[in-house]
Amino acid sequence: MKILAVALLLAATVIPAQAQRRVVTYLPKYEQEPYHFGFLLAFNQMSYTIKTVENYQNLPQPANAWPNGNYSIPSTQNLYVFNVETQQTPGFTVGILGSKRLGRYFDLRFIPSLSFSERRLHYNIGILDNDGNMEMKAFTKSIGTTFVEFPLNIKYRSKRYNNIGAYVFGGINPKLDLASQKDNKETDGQGNEFINNLVTKRFDIAGELGAGFDFYNQWFKMGIEVKMSYGVLDIVKNEAYIYTAPIDQLRNKLFQVSVLFE
């Protein structure tokens with residue numbers, strides 16, 4: 001949200017300064033052209049929207065569901081997942097932009113992109129022994145993400161004033177996570193294999209909403225925009241029991257600040 005505040009503050013200072021004086025209108029026939037092409041550079045923050053299982057804190061998990069042998073948990077002990085929450089980490093996105101004019105104020109945009117980031121899930125685990133003593137453990141699992149994205153959205157433009165225009169957009173974004181199927185298996189001291197991370201499904205589709213400003217100069221148009229993207233599909237795979245036991249549904253979520261050149 002700090003990034004959004006900075007972007008809005010920047011727009012609030014630049015636009016009034018431009019509006020106070022009449023300037024030379026750059027690219028006056030730009031919006032009349034049927035097609036435009038360009039590229040996108042962006043900063044993103046990816047996370048998850050988690051819907052937990054009802055009353056999951058009171059549901060004991062079998063000790064053999066715990067994959068990390070470092071804690072040496074005997075089979076007579078019970079595990080309780082007391083909390084699971086997502087942590088955001090920064091990432092970046094690059095893409096190419098194609099825009100088709102639909103009308104005076106409407107454009108259809110297609111922006112194939114590559115997005116890189118890492119998401120983290122923080123767990124608090126309680127270990128209950130036969131004497132009724134509870135020991136708390138906390139750990140964080142990192143999930144690397146490489147999305148191939150295919151956003152398709154409708155852009156609604158305001159009437160430009162001098163060399164500045166505002167717009168809003170919305171659409172859908174089918175995406176593939178190339179890192180979701182990576183090898184998460186490890187081997188314990190007895191040579192047994194286990195999955196030691198949260199595993200997610202590869203395909204997802206997201207709904208997107210955003211807004212931005214276009215700045216025209218002599219040679220090209222630059223856009224600055226922010227968007228929120230919310231996954232529609234449940235992407236969790238129940239392959240690592242202790243990591244998925246408290247999770248009923250897991251969905252992708254993304255916040256992105258982009259700079260576009262056309």
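This briefing describes the strands, cores, selected residues and cavities of one protein chain.

The model is a predicted one. The chain has 262 residues, of which 42% count as buried, and its secondary structure consists of two helices and 16 strands. Among contacts between residues at least 6 apart in sequence, 73% join residues that are at least 24 apart.

**Strand E6 and its partners**

- Strand E6 covers residues 113-128, and E6 is joined by 16 bridges to E7, with the two strands running antiparallel.
- Within this pairing of E6 and E7, Glu118 stands opposite Gly144, which belongs to E7.
- E6 and E7 form a hairpin with five residues between the strands, and in this hairpin Gly132 takes a positive phi near 85 degrees.
- E6 also pairs with E3 in the antiparallel sense, over nine bridges, and here Asn78 has Leu128 of E6 as its bridge partner.
- Strand E4, made of residues 89-101, pairs with E6 as well, again in the antiparallel sense and over four bridges; in this case Val94 has Leu114 of E6 as its bridge partner.

**Nonpolar cores**

- The largest nonpolar core contains 18 residues, and those with the most contacts inside it are Leu121, Tyr123, Leu198 and Leu250.
- At least two residues of this core come from each of strand E3 (78-87), strand E6 (113-128), strand E7 (134-149), helix H2 (241-244) and strand E16 (247-261), and the largest share, four residues, is supplied by E6.
- Leu250 touches Tyr48, Thr49, Ile50, Leu198, Thr200, Leu233, Asp234, Ile235 and Val236, when residues up to four places away in sequence are not counted.
- Apart from the largest core lies another core, of seven residues, and among them are Leu40, Leu97, Ile111 and Leu260.

**Ser115, in strand E6**

- Ser115 has its place in strand E6, and Ser115 counts as buried because its relative accessibility is 0%, where the limit for buried is under 20%.
- The side chain of Ser115 makes a polar contact with the side chain of Thr93 at 2.8 Å, and the Ser115 side chain makes a further polar contact with the side chain of Glu149 at 2.5 Å.
- Not counting residues up to four places away in sequence, Ser115 touches Asn44, Met46, Phe92, Thr93, Thr145, Thr146, Phe147, Glu149 and Gln256.

**Arg157, in strand E8**

- Arg157 is found in strand E8, which covers residues 152-157, and Arg157 is classed as buried because its relative accessible area of 4% falls under 20%.
- The side chain of Arg157 reaches the backbone oxygen of Arg104 at 2.9 Å.
- With its neighbours within four places in sequence left aside, Arg157 is in contact with Glu31, Gly103, Arg104, Tyr105, Phe106, Asp107, Ala166 and Tyr167.

**Pro174, in strand E9**

- Pro174 lies in strand E9, which is made of residues 164-177, and Pro174 is classed as partly exposed because its relative accessible area of 24% is above the limit for buried, which is under 20%, and is not over 50%.
- Pro174 and Phe203 are 29 residues apart along the chain, while their C-alpha atoms are separated by 7.6 Å.
- Besides Phe203, the residues that Pro174 touches are Val148, Glu149, Phe150, Asp204 and Ile205, when residues up to four places away in sequence are not counted.

**Cavities**

- The structure holds three cavities of 30 Å³ or more, and the largest cavity has a volume of about 90 Å³.
- The lining of the largest cavity is made of 14 residues, of which Leu40, Ile111, Pro151, Lys227 and Gln256 lie nearest its centre.
- Strand E14 (221-231) and E16 are the elements that give two or more residues to the lining of the largest cavity.
- Leu40 and Ile111, which are among the lining residues nearest the centre of the largest cavity, are also among the residues of the seven-residue core.
- Gln256, another of the residues nearest the centre of that cavity, is also one of the residues that Ser115 touches.

Conventions. Residues are numbered from 1 along each chain as its sequence is written. This is a predicted model: local features need pLDDT of at least 70, side-chain atom pairs count only at pLDDT 80 or more; totals for chains, interfaces and linings use all residues. Side-chain values use heavy atoms; hydrogens and water are left out. Buried means under 20% relative accessible area, exposed over 50%, partly exposed in between (1.4 Å probe, protein chains only). Contact means heavy atoms within 4.5 Å. A nonpolar core is a set of buried Ala, Val, Leu, Ile, Met, Phe, Trp, Tyr and Cys residues joined through side-chain atoms within 4.5 Å. Two strands pair if DSSP finds at least two bridges between them. A polar contact is a pair of N or O atoms within 3.5 Å; within protein, one must be able to donate a hydrogen and the other to accept it, and residues adjacent in sequence count only if both atoms are side-chain atoms. On a 1 Å grid over the protein atoms alone, a cavity is a set of points where a 1.4 Å probe fits but cannot get out, and a pocket is an open set with protein on both sides within 12 Å along at least five of seven lines; lining residues have an atom within 4 Å of a point. Grid points are joined across faces, edges and corners, and a volume is the space filled by probe spheres set on the points.
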